[in-house]
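Work through the exercises below with the sequence and the model side by side. Try each task before reading its solution.

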Amino acid sequence: MDVEKAFHMTGGVGKTSYAKNSSLQKKASDKVKHIIIQTVEELYLATTPKSIGIADLGCSSGPNTLSIIKDIFQTIQGISHKIMHHSTEFRVYFNDLPTNDFNSIFKALPEFHKLLRQDRKNGLPSIFMGGYPGSFYGRLFPNSYLHFVHSSYSLHWLSRVPPALFDDHERPLNKGCVYISESSPSVVSQAYSHQFQEDFSLFLRSRSEELVVGGRMVLIFLGRRGPEHVDRGNSFFWEILSRSFAILVSQGEIEQDVFDSYDVHFYAPSREEIEDEIRKEGSLKLERLEMFEMDKSEHGSESHGTQVAVAVRAIQESMISHHFGERILDSLFENYARLVDEEMAKEDIRPISFVLVLRKI
């Protein structure tokens, strides 16, 4: 499966869209917003550029996309006013895979500009915004083009399903599982780890070329607590998805061999794996690396399992539909929501995230 062609968050503003089901990501981003603001302030005071280049990598669509840009804009405007430096223009680049719903972002821009103008009696500085489709695992921008790079909940997605998950005859090695599990042979975790190393190192090298000296990155993505790949965190949510597929196999809704050949292009790295790749790359200084955990929350009549299920569906729907067809989606995620609630009643599932601040040296 060609991830670059098939993978995207569910577009539009419908019931199962990412725009309607990304509140968990927004809540997590808000938890570390102070780190983004502080990093932008330090960057601006150190460089005071006349034209500042900002890239949001893995921007997706929906309200979260423009929310962080608004925060960055207001932070820089506040600092520039204090230091009497009023000529900064903004260049904002929205990046995601070509199948992303960029149109939803563009349709929201007039209202976004109107919102920015409400607090600016003396007019706005020039703001140039555009979409940059393509994989961030490789170059996207010219040399020394960007001052600030933001990426939220994107870098745990790999550039491809690791090819080593299949033998020389294209037979799956991780049967009955969509990710690393207790029953997976060791070659599975090795394949995922190797793919992460390859992808993350390429990401770092590419951004290093594109950042100006002194430029900053804030990266937020899912991870794991220690060396063990299987825990009651992010990997456990994939274990529950595997169980949900297994129920459909037992009901005759999907074939076993079709299920066996499906693997997710996801990896939850450890702190050590992240630090190792940054150290190997050499031109980016890790200024901050923090782990944080989200609290369980329930909204209205929806259970936590239902909230997680609609969030996972908005992210995985494109890939699952491509492999299995659309007809299984409703029953699959009904099973998923129920199983998450059942497991949460036994013991909390505690996924963790990392936030990184990097500076080009």
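This is a predicted model.

**Exercise 1. A strand and its two faces**

Decide how many residues of strand β1 (residues 51-57) are buried, and place them on its faces.

Solution.
- Step 1. Start with the cut-off: buried means under 20% relative accessible area.
- Step 2. Apply it along β1. Seven of its seven residues are buried, and the strand is mostly covered.
- Step 3. Recall the general pattern: in a regular strand, side chains alternate between the two faces of the sheet.
- Step 4. Sort the residues. One side carries Ser51, Gly53, Ala55 and Leu57. The other carries Ile52, Ile54 and Asp56. Both faces of β1 are covered.

**Exercise 2. The neighbours of β1**

Find which strands pair with β1, and in which sense.

Solution.
- Step 1. Take strand β2 (residues 89-96). It pairs with β1 in the parallel sense, over seven bridges.
- Step 2. Pick one bridge to inspect. Ser51 has Glu89 of β2 as its partner.
- Step 3. Turn to strand β4 (residues 146-152). Its pairing with β1 is also parallel, over three bridges.
- Step 4. Check a position here too. Phe148 in β4 stands opposite Ile54.

**Exercise 3. A helix and its buried face**

Test the length of helix α3 (residues 33-47), then work out where its buried residues point.

Solution.
- Step 1. Count 15 residues in α3. At 1.5 Å a residue, the expected span is 21 Å.
- Step 2. Compare with the model. The end C-alpha atoms of α3 are 21 Å apart, so the two values agree.
- Step 3. List the buried residues of α3: Ile35, Ile36, Thr39, Val40, Leu43 and Tyr44.
- Step 4. Look down the axis of α3. These buried residues fall within an arc of 160 degrees, so they line one face of the helix.
- Step 5. Recall the rule behind this: an α-helix has 3.6 residues a turn, so residues three or four places apart point the same way.
- Step 6. Name the packing partners. The buried residues of α3 pack against several elements, including β1, α4 (63-82) and β4.

**Exercise 4. Two positive phi angles**

Thr48 and Tyr153 both have positive phi without being glycine. Is each one buried or exposed, or something in between?

Solution.
- Step 1. Locate Thr48. It follows α3 and lies in the loop between α3 and β1.
- Step 2. Read its phi: about 35 degrees.
- Step 3. Judge its exposure. Thr48 has a relative accessible area of 32%, so it is partly exposed.
- Step 4. Locate Tyr153. It sits in the loop between β4 and α6 (186-210), with phi near 55 degrees.
- Step 5. Judge its exposure. Tyr153 has 12% relative accessibility, so it counts as buried.

**Exercise 5. Empty space and a long-range contact**

Describe the largest cavity, then trace the contacts of Leu109.

Solution.
- Step 1. Count the cavities of 30 Å³ or more: there are two. The largest holds about 40 Å³ of space.
- Step 2. Read its lining. Among the residues are Ile54, Ile69, Phe90 and Met129.
- Step 3. Ask which elements give two or more residues: α4, β2 and β3 (127-133). The largest share, three residues, comes from α4.
- Step 4. Move to Leu109 in helix α5 (residues 102-117). At 13% relative accessible area, Leu109 is buried.
- Step 5. Discount residues up to four places away in sequence. Leu109 then touches Leu66 and Met129.
- Step 6. Check the separation. Leu109 and Leu66 are 43 residues apart in sequence, yet 8.5 Å apart in space, C-alpha to C-alpha.

Methods. Residues are numbered from 1 along each chain as its sequence is written. This is a predicted model: local features need pLDDT of at least 70, side-chain atom pairs count only at pLDDT 80 or more; totals for chains, interfaces and linings use all residues. Side-chain values use heavy atoms; hydrogens and water are left out. Buried means under 20% relative accessible area, exposed over 50%, partly exposed in between (1.4 Å probe, protein chains only). Helices (H or I, at least four residues) and strands (E, at least two) are DSSP runs, numbered from the N terminus. Two strands pair if DSSP finds at least two bridges between them. The expected span of a helix is 1.5 Å times one less than its number of residues. The arc is that of the directions from the helix axis to the C-beta atoms. Contact means heavy atoms within 4.5 Å. On a 1 Å grid over the protein atoms alone, a cavity is a set of points where a 1.4 Å probe fits but cannot get out, and a pocket is an open set with protein on both sides within 12 Å along at least five of seven lines; lining residues have an atom within 4 Å of a point. Grid points are joined across faces, edges and corners, and a volume is the space filled by probe spheres set on the points.
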